[in-house]
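Visitor: I am new to this structure and would like a close look at a single part, followed from one neighbour to the next. Could you take me through the aromatic rings, and then through whatever else helps me find my way?

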Amino acid sequence: MKQMLEYVHGNSIFHRLNPLIKLIWAFVTCVACFISSSHLFLLGVLLMTIVIAGISGVLGRAMGVFKALLVLGLFLMLFQLLFTPHGRVYFYILPGVPVTDLGLSFSLLLMLKMMAALSPLSLMLMLTPMNELLTAMTHNLRVPYRYAFVVVTALRFIPTFSQEMDQIMQAQRSRGHETDTRNPFKKVRVILPMCIPLLISSVRRVETMAISLETRGFCTGPRSCRKKLGFTLFDLLAIIIVVAVLLLSIAIG
Amino acid sequence: MIRFNNVSFSYDNCEELAVSNIHAHIDRGEFVGIIGPSGAGKSTLVNLINGVIPHHLKGDFYGEVLVCGKDTVESSCGEISHHVGSVFQDPESQMVSTVVEDEIAFGLENFNLPADEIENRMTDALKMAGIEHLRHESTAALSGGQKQRVTIAAAIALRPKILVLDEPTSELDPQGSRQVFKTLKRLNQEYGMTILIVEQKVMLLSEFCSRLMVMERGRIIMDGPVRQVLEHHDKLLELGINCPRVVTLTKLLKNASLYFGEFPVDVNEAESVIRRIMEGAYDQYSESDLSLQ
Amino acid sequence: MISIRNLTYRYNKKAPLILDHINLEIGHGEFVALIGQNGAGKTTLLKQLNGLLRPSSGSVTINGLDTATTRTSELARHIGYLFQNPDHQIFCNTVYDEIRFGLVNIKCQPELIDERIRKISGLLGLDHILARNPFTLSRGERQRVALASVLALETDILVLDEPTTGQDYKECMEIMEIVKSLNEQGKTIIMVSHDMEVVGDYCKRTIILNNGRVLEDDETSIVLRKSQSLGMSGLEPPQIIQLALRLGSSFHKVNSPEEMAKTIISCTVSGGVRV
């Protein structure tokens, strides 16, 4: 979770891209993938994401994300497969539960859709510093600063909370609590109470943060911005590519 | 610079007074350490100065707090932050950005300063805190001591005349704690900043501060130059407040009538005290030795 | 009792070593301080002891159990582990339930549970707040609740990660006196601390960890005199030992203000020790 959303420091061409473009790219691709029902197009998007990750030097991290999405995708695929009885039957998994060509194709599409739609979002977060994201949201997209700040700060605290949750789980394991059960239902029952310390410590954190913000003039009036985010030729090129991808997805259908 | 006129305060939903009948005056350029058992009202005192009380934390407020001549009740928290910079215990919860530079710019941007002014102040703040080399670092990669110095830089970027800190070193290792205190000393000596720090590490307080306030149950029960306060060594221990070991040692030497001077506040001073005692004894001995011949 | 052989640890194959060939034997009833900079691997080493982390290579054996193959819940019967931040540990609605939690986990006989809780809360002065919600208590009290919940398991080894951080001097002394009495009752104590005075006053043996390696391992009064090793780890000897080191050989056994005053007095009375 932590790895999927954290900014990775770098100076590649995609790191330097205007954050607005990256934001648009991620959302447009996401939407395009949901619209599209072409295996080929989705594969293309996935490939593009991998290439971008490679050029930006975050391939290792991105592969982790792909792996996580793949596991999730395979689950989705399996479910879809079991609940699509139409089409030519290849074989039966269980008596009365057939695997069909339509089912296979449709479930594969679903899996690809999810992977291709979500990976650009995760990649965008890896390649854009929080602060630039905030600027793009408030200055370009006119999201009120207060709300944009909440979104970005929530993202910023995810690693902190995930570390804290680790500590809490370890503390309970040290007292003989068995959290390493395989049964997912049991696991939820075991883990749920541990959210209480997390909740309480996050409330404490939020209180400190609120006071710290208060003493630094948060939302006292109009706000200036240190970095002007300019558009370069490459930004223009990028936006053209993004639009082209969107059109392509509509064209392919 | 800071004046408390008969201040009492109790938080909402709490009958007991967090601080009561506080009278104090802090001058420009002082470096004040505040010490006392937990629950003594130290944090409340700090929050009264930076305006967090009564603007963020509510309760019953009596008396008045004047910061740079202005009543804190009448100015907003934002206005006060131009006079008072604040640093708190946990650096992690105070940081809003993932890059050092952005963290320092945050407050400046909030006050709608133009980009070149932000740049100037940021450079100054980094230099004052002695962390120019960290400017482009990611905050996640910093040690605790470095993080806390970034939060100090972020606070002084607004160019306040006063800096208040609430147990800024409690999560740090000895080296990190010392780094923070050295930075504060620089700010105090080179830039004339008035500093108030709440701290449990009495050794660092006596080494670095010029004035010590001891709080207990909402009151300031001792207040004066560090050496003067440390003279009440027994009283401090009785209150559950630690004393530097060199002070304990000096007290023992005084009881043995070997020493009558001021209390040393660090190892260097203690060393010269002991050397004087022992050389004195040696000289005496050699004098009597001579007279025998 | 605790035997660590050639222990190395890294988070994954590409990550740098966090623990680098550590060899340690800690016997029954010892009181050991583990000191070093943040990031030196102190907490990582502690977590190896009860299987929260497992060796990348080498071995850790606790009372004959290999941590690589023993579950943490099993090791919990041998090692009590107090986390640095009590708020990570506490999650029950009452202090009583909090202490009971671990006992239920290790399948303590139900008729013994109440007795153990009463005993431990008496020892830590928590009797009057057993029905309170831990989150409404002060930080010092919460630390004692966390300690009680660990002590209730009656393990013979106790691991403490900075038990005195965030507490005032009085609370700090209270905790340390309890730990001291537990050690006197025969429990093995391993403690991480940043407070060299606490280490000097309470711990018998001190280990300096630096960059994942054992830099020093000896009697506390000897280790605290190694200014260079301490300096490398961002630490310095306690004030009195610093003084003793500067004042020369007549002070080589001095560890406390009382001992130092006595030495100075004896020097001035006998009169001829040039320093």
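Guide: What follows begins with the aromatic rings and then turns to one chain as a whole, one strand and one helix residue.

This is a predicted model, in which local features need pLDDT of at least 70 and side-chain atom pairs count only at pLDDT 80 or more, while totals for chains, interfaces and linings use all residues; side-chain values use heavy atoms, with hydrogens and water left out. Residues are numbered from 1 along each chain as its sequence is written, and chains are lettered from A and ligands numbered from 1 in the order in which they are written.

Rings of Phe, Tyr and Trp (its six-membered ring) pair if their centres lie within 6.5 Å, and planes under 30 degrees apart count as stacked, over 60 as edge-to-face and the rest as tilted. By this rule the count is 13 aromatic pairs over all chains. In one of them, Phe218(A) and Phe106(B), the ring centres are 6.3 Å apart and the planes stand at 20°, so this pair is stacked. Phe218(A) lies in the loop between α9 (195–214) and α10 (233–252) of chain A, whereas Phe106(B) belongs to helix α5 (residues 100–110) of chain B, so the pair joins two chains. Helices (H or I, at least four residues) and strands (E, at least two) are DSSP runs numbered from the N terminus. Phe218(A) is buried at a relative accessible area of 18%, and Phe106(B) is buried too, at 3%, where buried means under 20% relative accessible area, exposed over 50% and partly exposed in between (1.4 Å probe, protein chains only). Together with Tyr145(A) and Phe149(A), these two residues form one aromatic cluster.

Chain B also holds the pair of Phe9(B) and Tyr11(B), whose ring centres are 5.0 Å apart and whose planes are at 90°, so the pair is edge-to-face. Phe9(B) is buried, at 0% relative accessibility, whereas Tyr11(B) is partly exposed, at 25%. As for chain B as a whole, its secondary structure comes to 13 helices and ten strands, and buried residues make up 59% of its 293 residues. The C-alpha atoms of chain B fill a box of roughly 85 × 50 × 30 Å, taken along the principal axes.

In chain C, five of the five residues of strand β7 (residues 157–161) are buried, so this strand is largely enclosed by the rest of the structure. Ile157(C), Val159(C) and Asp161(C) point one way from β7(C), while Leu158(C) and Leu160(C) point the other way. Strand β6 (residues 79–82) of chain C runs parallel to β7(C) and is joined to it by four bridges, with Leu82(C) opposite Leu160(C); two strands pair if DSSP finds at least two bridges between them. Strand β8 (residues 188–192) of chain C also pairs with β7(C) in the parallel sense, over five bridges, and here Asp161(C) stands opposite Val192(C). From β7(C) the chain crosses through helix α6 (residues 169–184) of chain C to β8(C), and this β-α-β crossover is right-handed (with the strands pointing away from the viewer, the path from the first strand over the helix to the second runs clockwise).

Elsewhere in chain C, Ser73(C) sits in helix α2 (residues 72–75) and is buried, at 13% relative accessibility. Leaving aside its neighbours within four places in sequence, Ser73(C) is in contact (heavy atoms within 4.5 Å) with Gly176(A) and Glu178(A).
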